[in-house]
Amino acid sequence: MTAPARSPAGEKPSALGTVAPMLRAALWGVAGLAGGAAVTALFSGARVTAALPLTVGYLVGLVGWLLGGGAWEHWVRPWFGVPSTWDEGSGTARYWRYNTDHKVIGIQYLVTSGAALFLAGLAAMAMRLELMTPQLDVFATNQQYNAFMGVHGSLMIFAVAVVAIVGGFGNYFVPLVVGADDMPFPFVNGISWWFVVPGVLAIAASPLLGGIQAGWTGYAPLTSQAPDGQVLYYVGVFTLGVSSLLTAVNVIGTIIYMRAPGMTLMRMPMFAWGMLVTSVLNLLWVPVVGTAMTMGLLDRLVPTPFFNASGLPVVWQDLFWLFGHPEVYIIMLPAWAIWLEVLPVFARKSLFGYRWAVVGFVGVTLLSMYVWNHHMFTATGDGRAIPFMSSTEIISIPTGFFYLVVVGTLWGARMRLRTPMILVLFSVFNFLFGGITGVFLSDVPADYALQDTFFVVSHFHYTIVGGMIFAWLAALHYWFPKYTGRMYNERWGQVSAWLQVIAFNGLFFPMYIAGMMGMNRRVADYLPYLGGINVAISVAAFVFGASFLITLANLWVSWLRGPRAAANPWEAKTLEWQTSSPPPLHNFASPPVLTWDMYAYGEGTPPASALAALAQGDD
Amino acid sequence: MSAPAGGAGGGGGHRRDLWIVAAWWAGVTVLGEILVGPLLRLYPEAASREGVVSDDAIFYLLRLVVPVVALVVILLVYSMVRFRARAGEVGDAPAQARGGRWAFAWLGVSAALTVSVIFYPGVTGLLEIWKSKTAVNPLTVEVVAQQWEWRFSYPELGIENAETLVLPKGRTVDFVITSRDVIHSFWVPSLRIKKDAIPGETRHLFLTPDRLTSTEEDPMTRVQCAELCGIGHARMRADVRVVAPADFEAWAAEQGGTTASAAEGSLPSTPARAQAVTP
């Protein structure tokens with residue numbers, strides 16, 4: 001492993017100097033986009049915003065952005081034997097440039113996915129404003145509504161749900177929890193985040209070119225009619241996929257090869273288990289969606305009729321959901337991992353059923369690859385109904401293990417109900433409804449009625465928002481003292497958590513009923529008999545949206561001027577807490593050795609205060 | 001809190017708490033099951049034989065999950081209240097006894113529930129719905145979806161491109177569904193079961209309307225496109241009327257086609273139908 005050049009903490013650079021590399025990256029990116037598109041337009045005789053110039057421009061712009069961020073000095077020049085002159089910066093400047101420290105990269109991911117959440121959340125607010133009334137009034141056209149819908153879904157799934165925990169906390173905390181000094185391929189890791197920003201920007205910019213009219217699932221052949229915003233969906237999702245792949249390689253490498261001495265697989269932290277199985281799914285299935293995106297793009301560029309009526313329209317759905325269902329677990333496995341990471345610390349009680357949790361992680365991972373057709377029961381032949389109904393329902397067995405571990409750990413606990421714990425309990429509560437309604441949707445006779453209605457919308461929001469986003473919020477608070485070195489405000493943390501769970505349920509629970517009453521998905525206008533329930537849903541949606549501003553303000557202000565946090569404020573026993581807050585460049589003063597059970601509490605277990613010294617081997 | 005030391009029992013020594021939770025669970029489950037009944041009666045009843053099967057599945061699952069949800073929620077809430085650290089209470093909870101018996105019980109119950117719902121209402125419901133595929137003398141209705149309208153043809157009756165879907169009560173209808181452009185989904189909410197309309201392909205949906213209803217009476221009785229198909233998706237609807245067989249014949253005659261009774265005996269091999277069945 002090459003130790004990248006890192007500058008010692010020097011004098012404070014100017015504000016412009018701090019952001020200079022990212023400015024250069026943006027400049028090179030825009031120049032590449034404009035130049036690539038203009039030259040292609042010139043040679044192909046097409047408009048500069050047509051599919052081909054747009055694709056070429058995006059690719060050239062992407063390369064320009066990557067090089068401008070530091071890959072030119074740090075990747076290209078050393079490749080040709082010129083010594084790297086890249087300065088990885090210090091202080092806040094590290095975040096604005098190509099940096100190979102996994103902790104810097106984790107923060108970059110975390111902030112980017114937070115920003116994407118904000119953007120996509122705003123789009124949702126606009127959609128709920130429109131749905132306050134049965135007729136179209138906020139948006140001028142249905143196309144505008146669909147453009148917002150496309151941005152909301154695509155960003156939330158591809159830039160938030162699969163990125164926020166895996167990219168943010170995965171990068172930051174996987175090396176820390178397994179006692180490693182970094183990831184095995186820091187150069188690859190550094191570049192991975194730089195793929196996220198263009199992907200997010202492409203999707204966010206899609207309304208300028210008519211929007212992503214077919215929604216985040218991009219069903220063909222509707223896409224073949226869609227305006228060129230569709231191109232930005234293909235390239236944006238593809239780029240975000242590249243970032244996920246590079247992260248997956250690093251996470252797997254860290255967990256397999258870089259665990260601290262004493263950390264056998266069956267002593268590994270829950271978070272590492274969750275990240276390992278998630279990364280395996282990413283490694284296997286992101287290439288499939290990348291292939292689908294490429295084929296979809298070729299359908300526009302060449303055109304190759306893969307997915308229109310001269311090809312096979314339903315094959316798009318197979319390819320999309322072959323990735324798309326494992327992806328649901330790419331979203332949820334990390335969330336379960338966070339439940340089980342946070343619970344014993346605040347329950348002050350040994351984790352119940354570690355091995356059951358591991359079987360749950362592996363079982364869900366394996367089964368998740370055989371359930372995709374349950375998204376397509378109304379599109380595919382009857383022969384697929386029983387096999388996929390069975391596999392889908394069977395996955396609830398390993399999923400149930402997580403609930404077993406949760407209630408087993410809580411029973412007889414001595415719980416400290418701090419914000420992270422409350423948010424985990426809320427996530428457990430919300431996901432229960434998401435999971436249970438999944439049983440309805442996997443039952444084909446019921447699914448025939450419920451498919452493509454608000455019942456489905458509610459179901460997957462209960463799992464992804466209620467389950468994963470709540471777990472992400474829990475992790476944001478739980479690890480806040482570690483990654484910032486400061487403590488958040490507990491009172492405001494609890495206020496926002498309670499507001500979030502109440503508004504969330506007020507928002508999404510009525511959607512189950514709306515769906516059963518005949519409210520179909522992806523509509524800007526609907527029949528007046530569904531008016532009342534939609535008003536209620538919208539009001540709750542606005543409260544839910546506003547509650548995130550409290551969280552944002554709390555964490556932002558606390559990061560800047562919260563009280564200094566101790567190294568181990570929660571008295572946790574996992575390794576990331578046995579080093580300073582925030583951890584130093586290579587994480588631990590000396591490589592830690594694991595000699596204790598990280599999830600054992602109570603009599604006969606070493607107290608948390610003794611572990612930092614124990615990890616360093618000096619008793 | 002006088003935390004009893006972790007006993008050897010599976011409950012970790014909190015035997016009294018177990019009984020309280022069990023009592024709560026039983027109470028909430030009974031209450032939930034009692035409340036589910038009137039709640040479900042508020043739900044407008046399905047207007048097709050197959051739709052009733054779908055409703056039965058939803059209602060059965062709803063009743064089945066009441067105790068499951070009750071158990072988890074009660075355990076969560078009870079633990080939050082009972083097992084929280086009181087003021088001044090520091091230190092860890094007592095080391096717990098192994099809960100292997102509970103875990104295996106959990107596995108056994110969840111596996112049994114899962115396997116049972118695969119068979120009922122899953123497989124049995126599907127077989128019940130699919131029975132209509134072999135119905136005697138179904139009425140063929142060709143459904144053509146295109147942006148953003150529905151057209152209904154009755155080849156046996158010589159009726160083409162009707163804009164309103166008129167169905168006789170009590171007779172199984174073989175909807176032969178296709179699309180001229182993008183993917184749509186043929187759905188009448190009150191009949192429940194939907195089927196996608198896919199360009200270049202043909203799908204059959206067999207439904208038996210068993211209640212007189214119409215779009216004017218009930219907005220759930222409408223054809224509604226359920227799969228996003230472009231800017232007109234939300235308004236891609238058509239009116240539906242389920243009428244008595246005699247009224248259906250009168251309507252068919254009015255449309256200028258052959259009468260329904262004359263068509264009933266005809267072989268299902270008119271060119272239009274043969275074409276529709278063969279993709």
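These questions and answers walk through a predicted model with chains A and B.

Visitor: How many helices and how many strands are there in chain B?
Guide: Chain B has 279 residues, and 52% of them count as buried. Its exposed area is about 12500 Å², with carbon and sulfur atoms supplying 62%. The secondary structure of chain B comes to six helices and eleven strands.

Visitor: What share of the contacts in chain B with a separation of 6 or more comes from residues 24 or more positions apart?
Guide: The count leaves out pairs with a separation below 6. Within it, residues 24 or more positions apart account for 70%.

Visitor: How far apart are the C-alpha centres of domain 1 and domain 2 of chain B?
Guide: The domain assignment gives domain 1 as 11-83 + 102-132, and domain 2 as 135-275. Between the C-alpha centres of these two domains of chain B lie 36 Å.

Visitor: How many residues does each domain of chain B bring to the contact?
Guide: Two domains of chain B are assigned, domain 1 and domain 2. Domain 1 gives 15 residues to the contact, and domain 2 gives 14 residues.

Visitor: Why is there no bond between the sulfurs of B:Cys225 and B:Cys229?
Guide: Both residues are buried: B:Cys225 has a relative accessible area of 0%, and B:Cys229 also has 0%. The cysteine sulfur closest to that of B:Cys225 is in B:Cys229. A disulfide needs the sulfur atoms within 2.5 Å. The pair is too far apart for a bond because the distance is 3.8 Å.

Visitor: How many disulfides does the structure hold over all chains?
Guide: B:Cys229 is in no disulfide, its nearest cysteine sulfur being that of B:Cys225. Over all chains, the number of disulfides is zero.

Visitor: Which helix gives the largest share of the nonpolar patch?
Guide: The patch covers about 720 Å² and includes A:Phe118, A:Leu122 and A:Trp556. Two elements of chain A give two or more residues to the patch: helix H3 (102-130) and helix H20 (531-561). The largest share is five residues, and it comes from H20(A).

Visitor: Is A:Val557 buried or partly exposed?
Guide: A:Val557 is one of the residues that make the nonpolar patch. It is found in helix H20 of chain A. Its relative accessible area is 46%, which makes A:Val557 partly exposed.

Visitor: Which residue forms a salt bridge with A:Glu73?
Guide: A:Glu73 is in helix H2 (residues 51-79) of chain A, and its partner is in helix H1 (residues 15-44), 49 residues apart. A:Glu73 counts as buried at 12% relative accessibility. The partner counts as partly exposed at 22%. The closest N and O atoms are 2.9 Å apart, and the partner is A:Arg24.

Visitor: How many residues apart in sequence are the parts that A:Arg47 and A:Asp228 tie together?
Guide: A:Arg47 and A:Asp228 form a salt bridge, the closest N and O atoms being 3.6 Å apart. A:Arg47 is exposed at 52%, whereas A:Asp228 counts as buried at 13%. A:Arg47 lies in the loop between H1 and H2 of chain A, and A:Asp228 in the loop between H8 and H9, so the parts are 181 residues apart.

Visitor: Which residue of chain A meets B:Asp92 in a salt bridge?
Guide: The pair crosses between chains. B:Asp92 lies in the loop between helix H2 (49-82) and helix H3 (100-130) of chain B. B:Asp92 counts as partly exposed at 23%, whereas its partner is buried at 3%. The N to O distance is 3.2 Å, and the partner is A:Arg348.

Visitor: How many salt bridges does the structure hold over all chains?
Guide: In chain B, a network of salt bridges links B:Arg49, B:Glu50, B:Glu128 and B:Lys131. Over all chains, the salt bridges number 20.

Visitor: Which residues does A:Leu507 touch, not counting those up to four places away in sequence?
Guide: A:Leu507 is found in helix H19 (residues 490-516) of chain A, and it counts as buried at 4% relative accessibility. A:Asn534 is 27 residues away in sequence and 9.4 Å away in space, C-alpha to C-alpha. The residues that A:Leu507 touches are A:Ile537, A:Ala540, A:Ala541 and A:Phe544.

Terms used:
Residues numbered from 1 in each chain as written. Chains lettered and ligands numbered in written order. Predicted model: local features only at pLDDT ≥ 70, side-chain atom pairs only at ≥ 80, totals over all residues. Heavy atoms only, no water. Buried < 20%, exposed > 50% of the residue type's maximum accessible area, 1.4 Å probe, protein only. Patch = residues over 30% accessible without salt bridge, like charges linked within 9 Å, V, L, I, M, F, W, Y side chains within 5 Å. Areas by Shrake-Rupley, 256 points an atom, 1.4 Å probe, with all protein chains shown as cover. Salt bridge = Lys/Arg side-chain N within 4 Å of Asp/Glu carboxyl O. Helix = DSSP H or I, 4+ residues; strand = E, 2+ residues; numbered from the N terminus. Domains from an automatic or database assignment. Contact = heavy atoms within 4.5 Å.
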